[in-house]
Amino acid sequence: MLIEHLQARLDELQAQSLTRFTRVAETGTAPRQVVRGADGEPRELLMFCSNDYLGLAAHPAIADALVEGVRCYGGGSGASPLVSGHSRAHHEVESQLGEWFAPWIPQARAIGFCTGYMANLAVVAALGDAQAEIFSETLNHASLIDGTRLAKAKVGRYAHVDVQGLRQQLAASTARIKLIVTDAVFSMDGDIAPLPALLALAEEFDAWLIVDDAHGFGVLGASGAGSLEHFGLRSERLIVMGTLGKSAGLAGAFVVAHATISRYLLQAARNYIFSTASPPAVEHALLTSFALIRGSEGRARREQLARLQARLQAGIAALLQRHPTLPWRMAESCTPIQPLIIGGNAEVMALAAALEREGLRVPGIRPPTVPKGEARLRITLCATHTEADVDRLVAALEACA
Ligand SMILES: *Cc1c(COP(=O)(O)O)cnc(C)c1O
């Protein structure tokens, strides 16, 4: 019965062109990666799909630091952080993050998690207790939404970047603790949340602002600290989550907040308490990643990203002008996430397949990840792409148009 039931669900997905599948990568994360095709044959593709925006995953200094970390600490951490899994490297990562974020969050203190998904569940569920009310942006990442499902708090949603709508909801709330929860950079659109306006509302209504900076950390701000630095915000009401598997090129995540909040998370976050700490070698290598992000190399890579973004936008704008009847449109984005909205599911998958025949991998993103009728190519850029890579993508799109 279960097998028949699930097979019927799978058939339904197939009929709507919604089946998801994994691809086997034979080489490491880089703009040129060998990936097995649907026929199982390995093939080198030009990738526009990774979130390794700074290209650090393939940086030789990261590989060396990982090896050094393994020599120093061996394999796994062996236990949860509260038992014996919290190595000197874990400690150092948290203390560097606390110091890094001090300009934007008074009394900043960091707590590390194994993944961003876990960090978001932890912070939203632990802070969203029965005394709280959560105000959640509609386009938030799935992990924040799942966090609200675990929370005991009342949960309301406000429309995408709708500051006025949020203001009305905050004004109507009688909750003792109010938590505004938002992505900083929306992962399927690439636009940035109006954080200064959201923080002003938090100040006005005695609320707290939880910011998921998965796509901002490393990319935005002069030192790569992310969206808080980008906007120059400063407040103890800011609670920021960053992932370390994207721009940092490794794995893991952190929450930085006022020290009392971070200390409370250590007592209350069930996925911190009941899960094995990340491998210490990864934490050791993160220290090298932080130095790269904050140093001149990180700055140079952020500048290269900005150049590539401008070139891609100009290239696609010119293409759309040459083909005025195409229903495609570029999303408004000033981040390395540059979506090209196509429309239907079958169309976007056919386009992604055609690009792949040309040797380019650009993933098609379909509902429910994005709204119906707004299926898109999610083009992501890395600092290790060249301008010629971007030109090749534009030329291949033109050929498909
Ligand atoms: C990727 C992502 C996460 C999850 O982070 P992981 O470390 O990959 O688990 C959370 N929020 C957003 C917006 C993301 O894009």
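Which residues of α14 are buried? Among other things, this report gets to that, working through a model that is predicted.

## Helix α14

The buried residues of α14 are Asn-345, Val-348, Leu-351, Ala-352, Ala-354, Leu-355 and Glu-356. Several elements help to cover them, including β2 (42-47), β11, β12 (360-361), β13 (364-365), β14 (375-380) and α15 (387-400).

You can also check the length of this helix. α14 runs over residues 345-357, and its 13 residues should span 18 Å at 1.5 Å a residue. The C-alpha atoms at its ends sit 19 Å apart, so the two figures agree. After α14 comes Gly-359, with a positive phi near 90°.

## Helix α2

Now for α2, which covers residues 60-73. With 14 residues at 1.5 Å each, α2 should span 20 Å, and its end C-alpha atoms are indeed 20 Å apart. Ile-62, Ala-65 and Gly-69 are the ones to look for on the inside, as they are buried in α2. These residues take up an arc of only 60° around the axis, so they are on the same side of α2.

Turn the helix round and you'll find the exposed residues Pro-60, Asp-64 and Arg-71 on the face that points away from the buried side. Part of the cover over the buried residues of α2 comes from α12 (280-294). Just past the end of α2, Gly-74 has a positive phi of about 75°.

## Around the ligand

There are 13 residues around the ligand, and the ones that come nearest are Gly-116, Tyr-117, Asp-212, His-215 and Lys-246. Which helix gives the largest share of this shell? That's α5 (residues 116-127), with three residues.

Look at the backbone here. Gly-116 has a backbone N or O atom 2.7 Å from an oxygen atom of the ligand, and Tyr-117 has a backbone N or O atom 2.9 Å from an oxygen atom of the ligand. His-141 uses its side chain instead, with a polar atom 3.4 Å from a nitrogen atom of the ligand. On its own, the ligand has 380 Å² of accessible area, and the protein covers 82% of that.

## Ser-247 in its loop

Ser-247 belongs to the loop between β8 (238-243) and β9 (253-258). Is Ser-247 buried or exposed? With a relative accessible area of 0%, Ser-247 is buried.

Away from its sequence neighbours up to four places off, Ser-247 touches Asn-51, Tyr-53, Leu-54, Leu-56, Phe-217, Gly-218, Val-219 and Ile-293. One of these, Phe-217, has its backbone oxygen 3.2 Å from a polar side-chain atom of Ser-247.

## Ile-111 and Thr-335

Ile-111 is part of strand β3 (residues 108-113). Its relative accessible area is 2%, so Ile-111 counts as buried. Setting aside neighbours within four places in sequence, the contacts of Ile-111 are Glu-94, Ala-253, Phe-254, Val-255, Ser-262, Leu-265, Leu-266 and Tyr-272. For a sense of distance, Ile-111 and Gly-218 are 107 residues apart in sequence, while their C-alpha atoms are 18 Å apart in space.

Where is Thr-335 found? Look in the loop between β10 (329-330) and β11 (337-343). Thr-335 is buried too, at a relative accessible area of 1%. Beyond residues up to four places away in sequence, Thr-335 touches Val-185, Gly-190, Ile-192 and Gln-309.

Technical notes
Residues numbered from 1 in each chain as written. Predicted model: local features only at pLDDT ≥ 70, side-chain atom pairs only at ≥ 80, totals over all residues. Heavy atoms only, no water. Helix = DSSP H or I, 4+ residues; strand = E, 2+ residues; numbered from the N terminus. Expected span 1.5 Å × (residues − 1). Buried < 20%, exposed > 50% of the residue type's maximum accessible area, 1.4 Å probe, protein only. Arc of directions from axis to C-beta. Contact = heavy atoms within 4.5 Å. Near = heavy atom within 4 Å. Polar contact = N/O pair within 3.5 Å; in protein donor to acceptor, adjacent residues only side chain to side chain. Areas by Shrake-Rupley, 256 points an atom, 1.4 Å probe, with all protein chains shown as cover.
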